[in-house]
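Q: Hi, could you walk me through this structure? I'm new to it, so plain words please.

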Amino acid sequence: IWQHVLEHVRRNITEVEYHTWFERIRPLGVKEGVLELGVPTSFALDWIRKHYAGLLEEALALLGAQVPRFELKVVPSPAVQEEIFQPKEKEAEGRSRLNPKYTFENFVVGPNNSMAHAAAVAVAESPGRAYNPLFIYGGVGLGKTHLMHAVGHSVAKRFPHLKIEYVSTETFTNELINAIREDRMAEFRERYRSVDLLLVDDIQFIAGKERTQEEFFHTFNALYEAHKQIILSSDRPPKDILTLEARLRSRFEWGLITDIQPPDLETRIAILKMNAEQRGLRVSEEVLEYIARQVTSNIRELEGALMRAVAYASLNGVELSKQVAARALSDVFAPREPSVDPEEILRRVAEHFGLRPEDLKGGGRRKEVVLPRQLAMYLVRELTRASLPEIGQFFGGRDHTTVLYAIQKVQELAESDREVQSLLRTLKEALL
Ligand code: ADP
Ligand code: MG
């Protein structure tokens with residue numbers, strides 16, 4: 001039955017929407033007459049519930065299915081990631097562990113990160129000779145990993161013969177545990193002690209792990225004595241990493257400690273601008289500034305907000321204005337803000353046709369009111385969270401099949417009639 005539902009869905013939305021939201025839904029089974037569907041993230045769940053609940057209900061209804069209702073559940077799966085919001089870091093060997101997007105060219109320098117950036121550039125120009133180790137600390141999503149990878153790329157380009165290893169502290173720990181268990185310690189040591197540039201991300205996670213600290217201490221010494229470059233990142237300075245052996249802490253402080261602070265407004269706007277350009281998106285200054293004002297302390301979230309706004313505008317077929325961005329982000333920044341008010345939809349549609357809102361709710365079957373009413377039903381379905389029966393109730397106690405019929409009718413019209421198409425667009429733009 002899920003296959004049939006998908007077919008119906010696919011016929012009614014664009015390929016991009018289908019790919020973005022539906023390809024990753026997994027049917028989980030039927031429980032007490034409810035079709036359970038697994039979605040990868042809670043964001044996807046909200047989005048699907050808000051925008052496609054009607055379509056799914058409709059598909060189930062059309063199939064005359066025994067299970068007229070469905071329920072969404074978050075079922076995270078490592079293979080199912082939201083790539084558009086979080087590019088997955090490659091976990092392959094050596095250089096290929098570097099994310100190709102994290103380069104110096106793609107790094108916006110602002111007052112918040114200029115010191116860390118300058119230090120990273122210096123290290124990339126003469127690894128092992130400028131600052132060793134380079135210790136970069138700062139809050140989540142402020143660009144520590146990006147800077148480390150940038151050094152990796154730059155060194156790889158400048159000194160192709162050098163061996164580069166990027167590793168998260170978590171991976172380092174896991175590999176160590178495996179090496180111990182499988183009796184491959186010699187191999188493990190050789191691997192990390194033979195590199196020219198070692199990038200260790202999120203070193204704060206070494207806290208409390210005695211065996212890892214012990215092993216890393218020796219790795220550090222071997223590399224340091226051979227004048228090999230070490231770069232460490234952390235969410236806090238060495239002195240604030242508790243249960244870190246004193247000998248390691250002091251070594252982390254041997255070189256240069258530099259921090260990254262949250263970006264100011266101008267830097268945030270510059271980052272968004274670059275992001276939009278790279279993705280070939282045209283977004284107005286006003287919208288970029290609006291988004292930059294909403295998200296202040298995490299660049300990953302800042303970029304995520306831009307992607308959300310862009311996706312929202314494109315799925316609704318409207319221009320990305322400040323208002324549209326505000327609505328797209330309302331879920332994130334003001335949880336549970338109600339969607340568009342159905343009364344407002346009614347008012348707008350009635351006004352457009354020179355009718356009174358009561359005419360649309362009432363029982364009149366005159367030609368002049370039938371189409372406007374159907375359009376209003378369609379818009380309520382699309383712009384609010386109301387279910388089909390709720391919409392029927394709202395429109396003077398009509399049956400949900402009437403609502404379904406109206407929605408299908410408008411969909412057909414929108415496909416064949418450009419005037420209806422542009423009318424819907426105008427109305428939506430006024431409402432969003
Ligand atoms: P951290 O490691 O500090 O948690 P990341 O390096 O993973 O943060 O950065 C999070 C996201 O923000 C990445 O997509 C990164 O490319 C982006 N980013 C961070 N700082 C900048 C910057 N100065 N310019 C452009 N993009 C940045
Ligand atoms: Mg990081």
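Q: Where is Pro133 found?
A: Pro133 sits in the loop between helix H4 (114-125) and strand S4 (134-138). Helices (H or I, at least four residues) and strands (E, at least two) are DSSP runs, numbered from the N terminus.

Q: Before we go on, what kind of model is this, and how is it numbered?
A: This is a predicted model, where local features need pLDDT of at least 70, side-chain atom pairs count only at pLDDT 80 or more, and totals for chains, interfaces and linings use all residues. Residues are numbered from 1 along each chain as its sequence is written, chains are lettered from A and ligands numbered from 1 in the order in which they are written, and side-chain values use heavy atoms, with hydrogens and water left out.

Q: Thanks! Back to the loop: which residue does a cis peptide bond join to Pro133?
A: That's Asn132, and omega is about -5°. Most peptide bonds are trans.

Q: How many helices and strands does the protein have?
A: There are 19 helices and eight strands.

Q: And what share of the residues is buried?
A: Of the 432 residues in the protein, 51% are buried. Buried means under 20% relative accessible area, exposed over 50%, and partly exposed in between (1.4 Å probe, protein chains only).

Q: Is there a sheet to look for, and what is the order of its strands?
A: Look for an open sheet of five strands in the order S5-S6-S7-S4-S8, with parallel pairing. Strand S5 (164-168) and strand S8 (256-260) are the edge strands, each pairing on one side only. The twist from one strand to the next averages 15°. Two strands pair if DSSP finds at least two bridges between them.

Q: How many bridges do S4 and S7 have?
A: Four, in the parallel sense. As one example, Phe135 has Leu232 in S7 as its bridge partner.

Q: Which helix lies across S4, S5, S6, S7 and S8?
A: Helix H5 (residues 144-158) does, running at about 165° to strand S6 (197-201). H6 lies across S5 and S6, at about 95° to S5. For those angles, axes are lines fitted to C-alpha atoms, for helices over the stretch in contact (heavy atoms within 4.5 Å). The angles run from 0 to 180 degrees between N-to-C directions.

Q: New topic: which residues touch the most other members of the largest nonpolar core?
A: Phe22 and Ile291, in a core of 87 residues. Helix H3 (residues 42-62) gives the largest share, 11 residues. A second, separate core has 24 residues, including Leu98 and Phe107. A nonpolar core here is a set of buried Ala, Val, Leu, Ile, Met, Phe, Trp, Tyr and Cys residues joined through side-chain atoms within 4.5 Å.

Q: What does Phe22 contact, leaving aside neighbours within four places in sequence?
A: Its partners are Leu6, Val9, Ile13, Glu17, Tyr52 and Leu56.

Q: What do the buried residues of H8 pack against?
A: They pack against H6, H7, S6, S7 and helix H9 (246-252). Among those buried residues are Phe216, Phe217 and Phe220.

Q: What follows H8, and is that residue buried or exposed?
A: H8 is followed by His227, whose phi is positive, near 60°. His227 is exposed, with a relative accessible area of 53%. Asp183 also has a positive phi near 60°, and Asp183 counts as exposed at 70% relative accessibility. Most residues other than glycine have a negative phi.
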